[in-house]
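New to this one? Here is a quick tour, grouped by topic, to read alongside the picture.

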Amino acid sequence: MTVLVSEEQRQKWISAGGDPDRSMVIPVPVEVPHETKSSSSYREELGWENKFVFGMHQRDDKNIFSPIPLEAYDEIEADGTTAFLMLGGSSNYQKQAKDLGLKNIHFLDTTSDVNLIHKFLNTLDVYAHGRSDGEQCSSSIIEGLSHSLPIISHSAPSMGQVAQIGDAGKVVNDYREYADVMGDLLCDDKYYEQCAMNAADQYNKIYNIDSIIEKFIDLYKTVSNV
């Protein structure tokens, strides 16, 4: 039995000659310790208590830089109302923010400290995902879903993020469509709440570590005929 991390990856494997009856999808396990989902956030220290905060985190790699999230945010930024928080990412994002003249944006240093990552996530209202090459099974999207965050992303060569996000947000084609979804989540409370509920449901049903462990147990039972 071959395990793939996304349905898109599985379909590519099948098209290359893989046996569909001997394959299954199990997402990458991402543990989210309960204590990290506390009320701790960066809002107070940034003075953002009353702002609607978009944000994303990414490793420091210029090869995966995507201009779309900040281009879109530039379209809807409202002084005193919105903000954007970036954790990590390449220096291209800081240069882009300066070139765009963004006012309400803050950059946090790259970290592997799980508590700081979830402090960052606790600060957000929307996870604004972007990556030039796309995703197959994004740990950052899973973490966003675990915090019940609506998620926006964009098309790319790899499109595993479409299934990951599902109805917890939207995957768009360009920065204008991205900005439209940002505006919808900012202004339409009903739409926001529905996406947030769907994010929690998506996480609990598919990406929760306990759900993934159960899938591996079922796999082992199948291959060992238990």
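**A first look**

E7 and R10 sit 3 residues apart in helix α1 (residues 7–15), so about one helical turn separates them. Keep in mind that this is a predicted model. That pair forms a salt bridge, with the closest N and O atoms of E7 and R10 3.1 Å apart, and the structure holds 8 salt bridges. The bullets below go through some of these pairs, then turn to the strands, the core and a few single residues.

**Salt bridges**

- Back to the α1 pair for a moment: E7 counts as partly exposed because its relative accessibility is 37%, whereas R10 counts as buried at 15%.
- R43 and D125 bring their side chains together in a salt bridge, 2.7 Å from N to O. R43 lies in helix α2 (residues 43–46) and D125 in the loop between α5 (114–123) and β6 (126–128), so this pair ties together parts that are 82 residues apart in sequence.
- Both ends of that bridge are tucked away: R43 is buried at 14% relative accessibility, and D125 is buried with a relative accessible area of 16%.
- E45 and K119 make a salt bridge too, their closest N and O atoms being 3.1 Å apart. Here the link runs between distant parts of the chain, from E45 in helix α2 to K119 in helix α5, 74 residues apart.
- Is each partner buried or exposed in the E45 and K119 pair? E45 is exposed, since its relative accessible area is 54%, while K119 is buried at 18%.
- R131, D133 and E135 belong to one network, joined by salt bridges that share partners.

**R131 up close**

- You'll find R131 in the loop between β6 and β7 (134–135), and it is buried because its relative accessible area is 17%.
- Leaving out residues up to four places away in sequence, R131 touches Q58, R59, I64, S66, H154 and A156.
- The C-alpha atoms of R131 and T110 are separated by 16 Å, and these two residues are 21 apart along the chain.

**Strands β4 and β5**

- Strand β4 (residues 82–88) pairs with strand β5 (residues 105–108) in the parallel sense, over 4 bridges.
- Which residue is the bridge partner of F84 in β5? It's I105.
- Add helix α4 (residues 91–100) to β4 and β5, and you get a right-handed β-α-β unit.

**The nonpolar core**

- Nonpolar side chains tend to be buried together in soluble globular proteins.
- In this model, the largest nonpolar core has 52 residues, and F54, F84, F120 and M182 have the most contacts inside it. Helix α9 (residues 189–207) supplies the largest share of this core, 6 residues.
- F84 therefore turns up twice in this tour, as a core residue with many contacts and as the β4 partner of I105.
- F120 has its own list of contacts: not counting residues up to four places away in sequence, F120 touches Y42, G55, M56, H57, L85, M86, L87, L108 and Y127.

**Helix α5**

- Which residues of α5 are buried? They are I117, H118, K119, F120, L121 and T123.
- What do the buried residues of α5 pack against? Their neighbours are α2, β3 (52–58), β4, β5, β6 and α6.
- D113 caps the N-terminal end of α5, with a side-chain oxygen 2.8 Å from the backbone nitrogen of N115.

**Two serines to look for**

- S158 is found in strand β9 (residues 158–159). With a relative accessible area of 13%, S158 is buried.
- A polar atom of the S158 side chain lies 2.8 Å from the backbone oxygen of E135. Setting aside neighbours within four places in sequence, S158 is in contact with E8, D133, G134, E135 and Q136.
- S148 is in the loop between α6 (139–146) and β8 (151–154). S148 has a positive phi of about 60° although it is not a glycine.
- S148 counts as partly exposed because its relative accessibility is 29%.

Methods:
Residues numbered from 1 in each chain as written. Predicted model: local features only at pLDDT ≥ 70, side-chain atom pairs only at ≥ 80, totals over all residues. Heavy atoms only, no water. Salt bridge = Lys/Arg side-chain N within 4 Å of Asp/Glu carboxyl O. Buried < 20%, exposed > 50% of the residue type's maximum accessible area, 1.4 Å probe, protein only. Pairing = 2+ DSSP bridges. Right-handed = clockwise from strand over helix to strand, strands pointing away. Core = buried A, V, L, I, M, F, W, Y, C linked by side-chain atoms within 4.5 Å. Contact = heavy atoms within 4.5 Å. Polar contact = N/O pair within 3.5 Å; in protein donor to acceptor, adjacent residues only side chain to side chain.
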